[in-house]
Amino acid sequence: MTCTAHSPRSNPIRISKRVLNISPSATKEMALIAAGIDGCVSLGQGVPSFATPPHIVESVITTLRENPGSGHYTLQTGMPALRRGIAEYLRLEKNITVDPESELCVTVGGMEALLATVMTVVDEGDEVILPSPTYASYIEQILLAGGIPVFVPLTKTWGLDPEAIGRAITPRTRAIMLCNPGNPTGTVFADDEIISLCKLAVAHNFVVITDEAYDYMVYDGAMPLSPLSIDAFRDNVISISSLSKKYALTGWRVGWVAAAQPWMKQIMKVHDATAICSPTPSQFAALAALSGDQQCVAAMREELIKRKELCCARLDKLSKYFSYVPPKGAFYVMAKYLFSTASSQHVATRLLQEAKVITIPGGAFGKGGEGHLRLSFGGELQVIDEAFDRIEQWLNGGMQK
Ligand SMILES: Cc1ncc(COP(=O)(O)O)c(C=O)c1O
């Protein structure tokens, strides 16, 4: 007898333990719930509102029209011209020297680079240290690989706590995952914090996986140190980057991983088995982004600075209800709520249902995140204003504690 969609199943479907062990990201969950509620405004997902810059779009359209190969697979590691472009960018902007032939792989966004790296580094039962709050997807990636996330809380001002990290290291520690500038905290770790972490990694033979997706978005001061630029740490650092946010390319799915050749040879196997290559039109977009006029990045940065200022000013007006550490980078702020002792999931859900404002429950970002809401100020100024008007009304009006 054939089984149709309507016939009852005699056997329940069997899902791998590995997958049962992980959860959908809170960011996407909140967006899903919001899809069923009319008229929401979002301080939720970390997507800057900007459209992909026209010169990038035009360049891809021309390439697709004129180059018959532009819809085909590329080499697994990515187009040679793009890898050369990335290597040059890394040299100029971050003082990193990598061989574009053997130490770079273009991936399906930073996310695939992270997953391929975690799958390469982590075995069943291995421990990965997460200074937290942390980017929520790291947690699921570690669990998917069979590893154990070990949360080490950041300090009250979202700095690294080297002593606590030192205490968390065991013989099973395989990696630490660092997001710098930080999602969800907006923190920027100081160079000496990163250096002391890398020294620990060398001493205890684990790897620092550094996620540099927001490296371009630092409010005052220079781009943070990428430890792959320091020769002594090369074997202990895997650096992940993405063009998603910097060039408004979130949907194009292009990022990369940079690491010493012995790492890259193995990471490549996972990348090949997962994706074959990053989408070719997107690689052309990345090439146009890196080699084109950088004015678009400056313009988006300027706008994000205005959005950060608005978000902080609105939070300052609500100091009875929220406290926060002003963000130094990226476009997030973790707002600690002072008006409720309920879980962040509960508060975020009520805010969504009653005030129609999407925020992300801080508990989703691991230890240290509970009691907070993550607010993204990637949206337009009027969206941020509208969201805060609603929050203000909710807090001053009908909100029941
Ligand atoms: C810290 C961090 N890393 C990686 C990613 C993944 O970015 P993408 O896969 O679009 O490059 C994101 C996206 O929000 C992020 O915030």
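How many residue pairs are in polar contact between domain 1 and domain 2? Keep that in mind while you find your way around. The model is predicted.

**The whole chain**

Show the full chain as a cartoon. It has 13 helices and 13 strands. The radius of gyration is 22 Å, close to the 21 Å that the globule rule gives for 401 residues, so the chain is as compact as a globular protein of that length. Along the principal axes, the C-alpha atoms fill a box of roughly 70 × 60 × 55 Å.

**Two domains**

Select 17-52 together with 296-396 and give them one colour: this is domain 1. Now select 70-291 for domain 2. The C-alpha centres of the two domains are 25 Å apart. Their contact draws on 36 residues from domain 1 and 33 residues from domain 2.

**The interface**

Turn to where the domains meet. The size of an interface is often given as the accessible area lost when the parts come together. Here domain 1 and domain 2 bury about 3,000 Å² between them. Carbon and sulfur atoms carry 63% of that area.

Select K328, F365 and K367 in domain 1. These residues lose the most area to domain 2, together 19% of what that side buries.

Back to the opening question. The count is 15 residue pairs in polar contact between domain 1 and domain 2, with both residues at pLDDT 80 or more. Look for salt bridges across this interface, and the rule finds zero.

Next, pick out the elements on the side of domain 1 that touches domain 2. Those giving two or more residues are α1 (17-20), α11 (295-317), β10 (332-337) and β13 (372-376). Highlight α11: its seven residues are the largest share of that side. Colour this side of domain 1 by residue class, and you get 21 nonpolar, nine polar and six charged residues.

**Loops with unusual backbone**

Go to the loop between β5 (173-179) and α8 (191-204), where P181 lies. Which kind of peptide bond, cis or trans, joins N180 and P181? The bond is cis, with omega about -10°.

Stay in the loop between β5 and α8 and select P184. The peptide bond from N183 to P184 is cis too, with omega near 20°.

Last stop: A248, in the loop between β7 (237-242) and β8 (255-258). What is the sign of phi at A248, positive or negative? Phi is near 55°, a positive value in a residue other than glycine.

Methods: Residues numbered from 1 in each chain as written. Predicted model: local features only at pLDDT ≥ 70, side-chain atom pairs only at ≥ 80, totals over all residues. Heavy atoms only, no water. Domains from an automatic or database assignment. Contact = heavy atoms within 4.5 Å. Buried area = accessible area lost by both parts, 1.4 Å probe. Salt bridge = Lys/Arg side-chain N within 4 Å of Asp/Glu carboxyl O. Polar contact = N/O pair within 3.5 Å; in protein donor to acceptor, adjacent residues only side chain to side chain. Helix = DSSP H or I, 4+ residues; strand = E, 2+ residues; numbered from the N terminus. Nonpolar A, V, L, I, M, F, W, Y, C, P; charged D, E, K, R; others polar. Rg over C-alpha atoms; globule rule 2.2 N^0.38 Å.
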